[in-house]
Amino acid sequence: TTGVENNGRRSRSETIGSEVDSDSPVLKPFTVANPDRVKLKFYSNVLGDNSSFIHYGKWDGLDTDHPGAYGRASEAMTDFMFKISSGLLPHRAEANDLSYVDLGSGTGASAIHLTQKHSLQISEATCVNLCHEQNIDAKARVSELNLSEKINVVDASFDDTPCPSNHYDLAFSQDAFIHAISKERAYAEAFRITKPGGA
């Protein structure tokens, strides 16, 4: 346990198990002017293929050295997850009015991809995401692709959405719930907004 004196320095007597000089300054986190934009730049640099996907990938049969491999692997994972979750809705297999919510949608890449790929099945997709900068990018891409009538992007936390109860056939989340402070609250919210018989 450590303590902080009035002058912002640690007291040797307040630090247990370490050799800290009593004159060592207490390091405080610095403020980033636009943390959302920094996060997007980080993803872009790490992923390195200009993909709007920021998800884990499904790499089966993909050449990791091929340009754009990360984006294709992420897309494959989105398809895999959608196939599995749609399989939980056999009564909606032939539906042309499927509604789904992407909880923690990031850049909206999954919703855009799935809405385009399953355009005859998905009639409504809602992207719920806390990162305003990602939502700006998602809205721009949705508009650019003429998907505004099908995809709605909402600034909100996935554990406290403005979505109506019992509304969606499918509540979908890809790699986002790992960030949930309370998993129970996140899943309870997903359950609340999913129709009876939904997944």
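**Note on the predicted model: a parallel sheet and its aromatic contacts**

1. Arg92 counts as buried because its relative accessibility is 16%, and buried means under 20%. This is a predicted model. Arg92 sits in the loop between H2 and S1. Leaving aside residues up to four places away in sequence, Arg92 touches Asp97, Leu98, Gln121 and Asp169.

2. The overall make-up comes next. The chain has five helices and four strands. Along the sequence they follow the pattern α-α-β-α-β-α-β-β-α. The chain has 199 residues, and 39% of them count as buried. Its accessible surface is about 11800 Å². Carbon and sulfur atoms hold 54% of that surface. Among contacts with a separation of 6 or more, 65% are between residues 24 or more positions apart.

3. How are the strands ordered in the sheet? The order is S3-S2-S1-S4. The sheet is open, and the pairing is parallel. S3 and S4 (170-172) are the edge strands, each pairing on one side only. From one strand to the next, the twist averages 20 degrees.

4. Consider the S3 side of the sheet. S2 spans residues 122-129 and S3 spans residues 151-155. These two strands pair in the parallel sense over five bridges. Thr126 has Asn152 in S3 as its bridge partner. Between S2 and S3 the chain passes through helix H4 (residues 132-144). This β-α-β crossover is right-handed.

5. Now the S4 side. S1 covers residues 98-103. Three bridges join S1 to S4, and the two strands run parallel. Val101 stands opposite Ala171 in S4.

6. Two helices contact the sheet strands. Helix H2 (residues 69-86) lies across S1, S2 and S4. H2 runs at about 150 degrees to S4. Helix H3 (residues 109-117) packs on the sheet and touches S1, S2, S3 and S4. The direction of H3 makes about 160 degrees with that of S1.

7. Aromatic pairs deserve a look. The count is four. One of them joins Tyr100 and Phe172, edge-to-face. Their centres are 5.8 Å apart, with 85 degrees between the planes. Why does this pair tie together separate parts of the chain? Tyr100 lies in strand S1 and Phe172 in strand S4, so the tie spans 72 residues in sequence.

8. Are Tyr100 and Phe172 buried or exposed? Tyr100 has 0% relative accessibility, so Tyr100 counts as buried. Phe172 is buried too, because its relative accessible area is 3%. Both residues belong to one aromatic cluster with Phe82.

9. A further edge-to-face pair is Phe177 with Tyr187. The distance is 5.0 Å centre to centre, and the planes stand at 90 degrees. Phe177 is in the loop between S4 and helix H5 (183-193), and Tyr187 is in helix H5. The two residues are ten residues apart.

10. Which way does each partner fall, buried or exposed? Phe177 counts as buried because its relative accessibility is 10%. Tyr187 is exposed, because its relative accessible area is 52% and exposed means over 50%.

Technical notes:
Residues are numbered from 1 along each chain as its sequence is written. This is a predicted model: local features need pLDDT of at least 70, side-chain atom pairs count only at pLDDT 80 or more; totals for chains, interfaces and linings use all residues. Side-chain values use heavy atoms; hydrogens and water are left out. Two strands pair if DSSP finds at least two bridges between them. A crossover is right-handed if, with the strands pointing away from the viewer, the path from the first strand over the helix to the second runs clockwise. Axes are lines fitted to C-alpha atoms, for helices over the stretch in contact, and angles run from 0 to 180 degrees between N-to-C directions. Contact means heavy atoms within 4.5 Å. Buried means under 20% relative accessible area, exposed over 50%, partly exposed in between (1.4 Å probe, protein chains only). Rings of Phe, Tyr and Trp (its six-membered ring) pair if their centres lie within 6.5 Å; planes under 30 degrees apart count as stacked, over 60 as edge-to-face and the rest as tilted. Accessible areas come from the Shrake-Rupley method with a 1.4 Å probe; for residues, only the protein chains shown count as cover.
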